Amino acid sequence: MRGSLLVDNIGELVTNDIGGEGGPLGIRRHAAVLVEDGQVAWVGPARDAPAADRRIDAEGGAVLPGFVDSHAHLVFAGDRAAEFAARMAGEPYTGGGIRTTVGATRAASDDELRATVRRLRGEAMRQGTTTIEIKSGYGLTVADEARSLRIAAEFTEDTTFLGAHVVPAEYADRPDDYVGMVCGPMLAAAAPYARWIDVFCERGAFDVDHARAILACGQAVGLGVRVHANQLGPGPGVQLGVELGAASVDHCTHLTDADVDALASTGTTWVSGFELTTVATLLPGAEFSTRSPYPDARRLLDAGATVALATDCNPGSSYTSSMPFCIALAVREMRMTPAEAVWAATAGGAAALRRTDVGRLARGARADLVILDAPSHLHLAYRPGVPLIRQVLHNGVPQCRP
Ligand SMILES: [Zn+2]
């Protein structure tokens with residue numbers, strides 16, 4: 001959309017600009033935002049706002065950076081509602097159901113997979129998510145992983161190769177051979193469509209030696225590292241991620257003091273820089289949907305680790321695309337303050353993707369923002385389950401209502 005656009009009559013503007021006043025969220029009042037060419041061109045007091053071609057009246061609502069969902073599995077077919085019902089009736093979650101989705105995904109056409117990603121991407125956008133990472137991991141053959149990433153790349157820049165999600169059934173008795181295939185032909189076919197590589201490092205999935213080998217192969221061809229770690233029990237995944245300089249270790253549900261210290265030692269992005277910080281990305285939708293204990297966000301924050309929140313949207317263990325829902329869970333169940341949770345869902349997610357163009361509202365940032373039907377960011381946790389997202393701008397373009 002051409003021309004300039006002014007968003008004004010903002011009740012509370014969350015900038016995440018830590019250089020200014022207004023606490024860690026960089027909150028400004030009586031502010032306005034000018035958008036030009038898909039970027040934030042100006043932020044300042046409404047009374048000083050420059051003239052613009054068009055105007056959006058925020059009607060006193062809060063304006064926040066669009067949410068950055070740094071962990072989602074959107075390329076799949078079928079659903080696992082029956083598995084969810086069984087779990088709610090008392091069966092434990094083991095991760096074994098991933099193979100059910102692998103079978104359905106392999107059987108689906110490109111257009112069926114694309115339609116699912118489009119539907120979920122749209123669903124997330126309407127709930128304020130303007131940046132989303134999308135993983136492969138339900139193909140688990142050379143061709144199926146490559147096409148999953150090719151389709152994902154139609155919807156996001158942040159695509160992640162997760163050929164090491166589980167060992168598929170046909171390799172169940174020879175995991176070494178599967179790891180060799182992931183590092184060889186599968187990586188070669190996937191890498192042109194991927195920015196990141198990820199491994200499910202967990203008992204029943206990939207052990208630490210296999211995980212290290214796979215991540216190192218990905219690094220060697222220029223992919224950034226992320227790890228699914230310490231979800232179902234304590235383990236070496238977090239330490240491995242820190243050792244390899246991962247952008248993020250995700251789940252972090254079962255951490256030892258040494259794990260927390262390792263994450264804290266990588267510091268915060270504004271002190272250590274993006275290239276050194278390993279973010280702890282917490283995925284409370286997974287604990288909600290598997291009726292499991294939540295990660296201890298307070299312990300990580302108090303130790304000085306950088307924390308992000310993401311949905312883990314997938315058909316098995318967390319079938320939600322809602323960042324506001326995750327914010328509410330983080331505040332209620334994980335002892336985060338509303339401000340910490342909003343930061344983690346915006347700037348934290350950006351840090352987990354090592355991006356400086358999103359997750360904040362300052363001159364030069366991408367014009368991704370949400371306007372709430374509420375006067376403050378506090379309402380995202382205070383009014384759980386309520387559709388508070390009135391408008392979303394993505395690249396400066398209104399998504400909900402013209
Ligand atoms: Zn995941």
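**Largest pocket**

I looked up the lining of the largest pocket and got 18 residues. Ser322, Pro324, Phe325, Gly385 and Val386 lie nearest the pocket's centre. I note here that this is a predicted model. The pocket's volume came out at about 330 Å³.

Which helices feed the lining? I found that α12 (323-333) and α14 (379-382) each supply at least two residues. The largest share, 6 residues, comes from α12. I then sorted the lining by class: 12 residues are nonpolar, 3 polar and 3 charged.

**Cavity**

I searched the whole structure for cavities of 30 Å³ or more and found 1. The largest cavity has a volume of about 100 Å³.

What lines this cavity? I listed His73, Tyr93, Ile98, Tyr138, His165, Phe200, His228, Gln231, His251, Asp312, Asn314 and Ser317. By class I logged 4 nonpolar, 7 polar and 1 charged. I recognised His73, His228 and Asp312 in that lining, and went on to the zinc ion, where these residues appear among the protein donors.

**Zinc site**

I wrote down the protein donors of the zinc ion: His71 (NE2), His73 (NE2), His228 (NE2) and Asp312 (OD). They lie 2.0 to 2.4 Å from the ion.

Why is the arrangement called irregular? I checked the angles, and the 4 donor atoms subtend 83 to 167 degrees around the zinc ion, so the arrangement counts as irregular. A tetrahedral label would need all angles between 85 and 135 degrees. For reference, the ideal angle for four tetrahedral donors is 109.5 degrees.

Along the chain I read the donor spacing as H-x1-H-x154-H-x83-D. The pair of histidine 71 and histidine 228 links distant parts of the chain, 157 residues apart. I placed histidine 71 in the loop between β7 (67-69) and α1 (81-88), and histidine 228 in strand β12 (residues 224-229). Buried or exposed? Both histidine 71 and histidine 228 are buried.

**Asparagine 230**

I moved on to asparagine 230, in the loop between β12 and α7. Its phi is near 55 degrees, a positive value in a residue other than glycine. Asparagine 230 has 1% relative accessibility, so I entered it as buried.

**Arginine 291**

I looked at arginine 291 for the phi angle too. Arginine 291 sits in the loop between α10 (284-290) and α11. Its phi is near 50 degrees, again positive in a residue other than glycine. I found 57% relative accessibility for arginine 291, so it counts as exposed. My two positive-phi entries therefore split: asparagine 230 is buried, whereas arginine 291 is exposed.

**Helix α8 and alanine 280**

I picked out the buried residues of helix α8 (residues 257-265): Asp259, Val260, Ala262, Leu263 and Ala264. What do they pack against? I got α7 (237-243), β13 (248-251), β14 and α11 (297-303). Just after α8, I noted that glycine 267 takes a positive phi of about 75 degrees.

From β14 I took alanine 280, which lies in that strand (residues 279-282). Alanine 280 is at 0% relative accessibility, so it counts as buried. Leaving out residues up to four places away in sequence, I found that alanine 280 touches Val249, Cys252, Leu263, Leu300, Thr306, Val307 and Ala308. Leu263 in that set is also one of the buried residues of α8.

I also took a distance. Alanine 280 and leucine 215 are 65 residues apart in sequence and 18 Å apart in space, C-alpha to C-alpha.

**Threonine 101**

I located threonine 101 in helix α2 (residues 98-107). Its relative accessible area is 2%, so I put it down as buried. Which residues does threonine 101 touch, not counting those up to four places away in sequence? I listed Phe76, Ala77, Arg80, Tyr138 and Pro315. Tyr138 had already turned up in my list for the largest cavity.

**Aspartate 177**

My last entry is aspartate 177, in helix α5 (residues 175-190). With a relative accessible area of 42%, aspartate 177 is partly exposed. The cut-offs matter for this label, because buried means under 20% and exposed over 50%. I paired aspartate 177 with valine 167: they are 10 residues apart in sequence and 10.0 Å apart in space, C-alpha to C-alpha.

Technical notes. Residues numbered from 1 in each chain as written. Predicted model: local features only at pLDDT ≥ 70, side-chain atom pairs only at ≥ 80, totals over all residues. Heavy atoms only, no water. Donors = N, O, S within 2.8 Å, 3.2 Å for Na, K, Ca; no water. Tetrahedral: all angles 85-135°; square planar, octahedral: opposite > 155°, others 65-115°. Helix = DSSP H or I, 4+ residues; strand = E, 2+ residues; numbered from the N terminus. Buried < 20%, exposed > 50% of the residue type's maximum accessible area, 1.4 Å probe, protein only. Contact = heavy atoms within 4.5 Å. 1 Å grid on protein atoms, 1.4 Å probe; cavity = no way out; pocket = protein on both sides within 12 Å on 5 of 7 lines; lining within 4 Å. Points joined across faces, edges and corners; volume = space filled by probe spheres on them. Nonpolar A, V, L, I, M, F, W, Y, C, P; charged D, E, K, R; others polar.
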